[in-house]
Amino acid sequence: MHRFCTKILVLLFFVQFSLQAQVEEDKALHFAAGAFSGAAGALIASKISKRNRFWTVTGSVAASLLAGLTKEVIDKSNGGKWDNGDLGVTVLGGVTVGVSIELFSKKSGKYYVKRKKAGKNVSMSEGFPQVP
């Protein structure tokens, strides 16, 4: 299953380059804003819920929804029009981050597990090995 998901993500990565010319710049900025706010929301929700998987993904989606709604309200108050497409693309950015966290994080039941760092930690006080 992991291999299948990796292949799909690689395929989507290459497809995005061909579709990039077809997407309006405004939509790409909305997606990026949704991804950024979704990552921030996931981090905050993860810290508050002690790494609970459900609340981490929910925080990602909720933060991107809040960012999208705020942007559309600002547009509307400045004489622009409300665009549900922009709102949808912003939320899609947050959903993408939430799903990515879910797919690539180590899990144990309903919680994420901290990964251990590989390798030996060497401090600078130990010095460098002598070369003959």
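These legends accompany several close-up views of a predicted model.

**View 1. The loop between helix 2 and helix 3, with K50 and R51.** Welcome to the loop that joins helix 2 (25-48) to helix 3 (53-77), where K50 sits. R51 has its place in this loop between helix 2 and helix 3 too. Most residues other than glycine have a negative phi. K50 is not a glycine, yet its phi is positive, at about 60 degrees. R51, also not a glycine, has a positive phi of about 70 degrees. As for solvent, K50 is exposed, with a relative accessible area of 66%. R51 counts as partly exposed, at 29% relative accessibility.

**View 2. The salt bridge between K27 and D86.** Four salt bridges are counted in the model, and here we look at the one that K27 forms with D86. The closest N and O atoms of K27 and D86 are 2.5 Å apart. K27 belongs to helix 2 and D86 to helix 4 (residues 84-104), so the pair ties together parts that lie 59 residues apart in sequence. Are these two partners buried or exposed? K27 counts as buried because its relative accessibility is 18%, below the 20% cut-off. D86 counts as buried as well, with a relative accessibility of 5%.

**View 3. The salt bridge between E102 and R53.** Side chains of opposite charge can pair when their charged atoms come close. In this view the side chains of E102 and R53 meet in a salt bridge, at 2.3 Å from N to O. With E102 in helix 4 and R53 in helix 3, the pair ties together parts that are 49 residues apart in sequence. E102 is partly exposed, at 22% relative accessibility. R53 is partly exposed, with a relative accessible area of 22%.

**View 4. A salt bridge within helix 3, and a shared-partner network.** Have a look along helix 3, where the side chains of K71 and D75 meet in a salt bridge with an N to O distance of 2.6 Å. K71 and D75 are four residues apart in helix 3, which means that about one helical turn separates them. K71 counts as partly exposed, at 35% relative accessibility. Which residues do salt bridges with shared partners join into one network? They are K27, D83 and D86.

**View 5. The aromatic pair of F54 and W55.** How many aromatic pairs does a search of the whole structure find? The search finds one. The ring centres of F54 and W55 are 4.9 Å apart and the ring planes stand at 75 degrees, so the pair is edge-to-face. F54 is exposed, with a relative accessible area of 52%. Its partner W55 counts as partly exposed, at 47% relative accessibility.

**View 6. A nonpolar patch on the surface.** Our last stop shows F31, L92, V95, V99, L103 and F104, which form a nonpolar patch on the surface. Together these residues have about 470 Å² of accessible area. Which helix gives the most to this nonpolar patch? Helix 4 does, with five residues. F31 has its place in helix 2. At 31% relative accessibility, F31 counts as partly exposed.

Conventions. Residues are numbered from 1 along each chain as its sequence is written. This is a predicted model: local features need pLDDT of at least 70, side-chain atom pairs count only at pLDDT 80 or more; totals for chains, interfaces and linings use all residues. Side-chain values use heavy atoms; hydrogens and water are left out. Helices (H or I, at least four residues) and strands (E, at least two) are DSSP runs, numbered from the N terminus. Buried means under 20% relative accessible area, exposed over 50%, partly exposed in between (1.4 Å probe, protein chains only). Rings of Phe, Tyr and Trp (its six-membered ring) pair if their centres lie within 6.5 Å; planes under 30 degrees apart count as stacked, over 60 as edge-to-face and the rest as tilted. Patches are made of residues with over 30% relative accessible area and no salt bridge: like charges are joined within 9 Å, nonpolar side chains (Val, Leu, Ile, Met, Phe, Trp, Tyr) within 5 Å. Accessible areas come from the Shrake-Rupley method with a 1.4 Å probe; for residues, only the protein chains shown count as cover.
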